[in-house]
Amino acid sequence: MDQDMVVRARVQLLSANRRVVRGTEGLRIYRLLTQVAPEVYGSKLAYVLVEASASSLVRELPEQRLALLEEAVAVASALDAANPYRTKVLAKAFAARRELEEQQTHGR
């Protein structure tokens with residue numbers, strides 16, 4: 001792991017002055033930092049992945065949307081059961097995946 005990248009990502013989080021950094025910037029930052037501290041950043045990564053799956057960038061790309069949601073489920077599932085955000089982000093990821101699967105089944 002490149003420590004300079006980790007430091008840059010942490011500085012970007014601090015300078016963002018937001019509770020959660022969203023979009024592609026958030027995905028990049030949280031994917032990197034989750035490798036370093038999964039219990040600290042994993043729930044935010046899962047949250048941003050679910051948001052990204054609903055973005056206009058992938059709205060017409062069901063395979064990419066599903067991949068983002070599968071990653072969200074995997075990240076949230078990997079959190080320790082004692083993590084206070086695990087249940088919430090896992091439920092959000094499962095619900096979004098279920099909704100996508102229903103849309104695909106019903107041909108929307």
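## Five helices and a pocket

Arg-8 counts as exposed because its relative accessibility is 51%; exposed means over 50% relative accessible area, buried under 20%, and partly exposed in between (1.4 Å probe, protein chains only). This is a predicted model, where local features need pLDDT of at least 70, side-chain atom pairs count only at pLDDT 80 or more, and totals for chains, interfaces and linings use all residues. Residues are numbered from 1 along each chain as its sequence is written, and side-chain values use heavy atoms, with hydrogens and water left out.

Arg-8 sits in helix H1, residues 3-16. Gly-42 follows 34 residues away along the chain, and the two C-alpha atoms are 18 Å apart.

**Overall fold**

The protein has five helices and zero strands. Its pattern along the sequence is α-α-α-α-α. The radius of gyration is 14 Å, close to the 13 Å that the globule rule gives for 108 residues, so the protein is as compact as a globular protein of that length. That radius is taken over C-alpha atoms, and the rule is 2.2 Å times the number of residues to the power 0.38. Helices (H or I, at least four residues) and strands (E, at least two) are DSSP runs, numbered from the N terminus.

| Property of the protein | Value |
|---|---|
| C-alpha span along principal axes | about 45 × 30 × 25 Å |
| Buried share of the 108 residues | 38% |
| Exposed area | about 6,800 Å² |

Carbon and sulfur atoms supply 54% of the exposed area, computed by the Shrake-Rupley method with a 1.4 Å probe.

**Helix H3**

Buried residues of H3 include Tyr-41, Gly-42, Leu-45, Val-48 and Leu-49. The buried residues of H3 pack against H1, helix H2 (23-36), helix H4 (62-78) and H5; contact means heavy atoms within 4.5 Å.

**The largest pocket**

Its lining consists of Arg-19, Val-20, Val-40, Ser-43, Lys-44, Tyr-47, Tyr-85, Lys-88, Val-89 and Lys-92. Helix H3 (38-53) and helix H5 (86-105) are the elements giving two or more residues to this lining. H3 supplies the largest share, four residues. By class, the lining has five nonpolar, one polar and four charged residues. A pocket is an open set of points on a 1 Å grid over the protein atoms alone, where a 1.4 Å probe fits, with protein on both sides within 12 Å along at least five of seven lines; lining residues have an atom within 4 Å of a point. Ala, Val, Leu, Ile, Met, Phe, Trp, Tyr, Cys and Pro count as nonpolar, Asp, Glu, Lys and Arg as charged, and the others, Gly among them, as polar.
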